[in-house]
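Trainee: I am new to this structure and would like to go through the terms used for it. Please give the reasoning each time.

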Amino acid sequence: SPSVSLSIGNVSPSGAPINGELVLTANASDNVGVMRVEFYRDGNIMLGTRWAAPYSFLYNVRDLDTGVHSFYAKAFDAKQNMGASTVTQFFLPDIRLPVVAMVSPSPLSVVKGTIIVQATATDNIGVTHVDFFRYFASQGAPSSQIIGTLANAPFQISYDTIDLPVGEHVFYSKAYDAAGNEAIASEVHVIVAAAKPPQISL
């Protein structure tokens, strides 16, 4: 039967898969010839098949639970003789991004005075905090200013727009988890109307 070994690559010095992907590489040989190599995870979960060398498989692990996962490979020859590699254990750290979305204000709404700025945020382990940002549309995102930080839900702040220039403003939020993963909510554009009465001088 064929002989096969498995190695796991594309891992950063911190132990996290680079770009959320592992490279599974099998080294397979047979006295006549290897017909195919199959890759497996956590028992009998088949990930894919390679029919020719190099027997390498790029596997996205972003949706896997944090913790230890096992990987191995099977090699087959033309007569369906099979050889299996030893199981390789891999500890997957928390690489799953939080999920964050803006709830308020409503897109393209006209606002003035004090408004509610709110977001929802979840994470597979837990959200550590949410930051809220605002910038004047004509000045662009580099002018973003943080306008609030909350560590616990509900992620909602009151924000006074009275001193903002009239025109289009952009609000968004970022959510963070304990592993340093962060996600940005889609921006919400609103129109800030004049809240102060015009000053009239004689």
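Mentor: This is a predicted model. Among contacts in the protein chain between residues at least 6 apart in sequence, 60% join residues at least 24 apart.

Trainee: What helices and strands does the protein chain have?

Mentor: The protein chain has 17 strands and zero helices.

Trainee: Why is the protein chain called more spread out than a compact globule?

Mentor: For 202 residues the globule rule gives 17 Å, and the radius of gyration of the protein chain is 26 Å. That value is well over the rule, so the chain is more spread out than a compact globule. Along the principal axes, its C-alpha atoms fill a box of roughly 100 × 30 × 25 Å.

Trainee: How many aromatic pairs are there in the whole structure?

Mentor: A search finds seven. One of them, phenylalanine 133 with tyrosine 172, has a centre-to-centre distance of 5.0 Å and 10° between the planes.

Trainee: What makes the pair of phenylalanine 133 and tyrosine 172 stacked?

Mentor: Two rings pair if their centres lie within 6.5 Å, and planes under 30 degrees apart count as stacked. At 5.0 Å and 10°, phenylalanine 133 and tyrosine 172 meet both conditions, so the pair is stacked. It links distant parts of the chain, with phenylalanine 133 in strand 12 (residues 127-136) and tyrosine 172 in strand 15, 39 residues apart. Both phenylalanine 133 and tyrosine 172 are buried.

Trainee: Why is the pair of tyrosine 159 and phenylalanine 171 called edge-to-face?

Mentor: Planes over 60 degrees apart count as edge-to-face. The planes of tyrosine 159 and phenylalanine 171 are at 75°, with the ring centres 5.9 Å apart, so the pair is edge-to-face. Tyrosine 159 is in strand 14 and phenylalanine 171 in strand 15, 12 residues apart.

Trainee: How do you know that tyrosine 159 is buried?

Mentor: Buried means under 20% relative accessible area. Tyrosine 159 has 14%, so it is buried. Phenylalanine 171, with 0%, is buried as well.

Trainee: Why does leucine 164 count as buried?

Mentor: The cut-off is again under 20%. Leucine 164 has a relative accessibility of 14%, so it counts as buried. Leucine 164 lies in the loop between strand 14 (155-160) and strand 15 (167-177).

Trainee: Which residues is leucine 164 in contact with, leaving aside its neighbours within four places in sequence?

Mentor: They are Arg134, Tyr159, His169 and Val192. As for lysine 112, 52 residues apart from leucine 164 along the chain, the two C-alpha atoms are separated by 9.3 Å.

Key. Residues are numbered from 1 along each chain as its sequence is written. This is a predicted model: local features need pLDDT of at least 70, side-chain atom pairs count only at pLDDT 80 or more; totals for chains, interfaces and linings use all residues. Side-chain values use heavy atoms; hydrogens and water are left out. Helices (H or I, at least four residues) and strands (E, at least two) are DSSP runs, numbered from the N terminus. Buried means under 20% relative accessible area, exposed over 50%, partly exposed in between (1.4 Å probe, protein chains only). Contact means heavy atoms within 4.5 Å. The radius of gyration is taken over C-alpha atoms; the globule rule is 2.2 Å times the number of residues to the power 0.38. Rings of Phe, Tyr and Trp (its six-membered ring) pair if their centres lie within 6.5 Å; planes under 30 degrees apart count as stacked, over 60 as edge-to-face and the rest as tilted.
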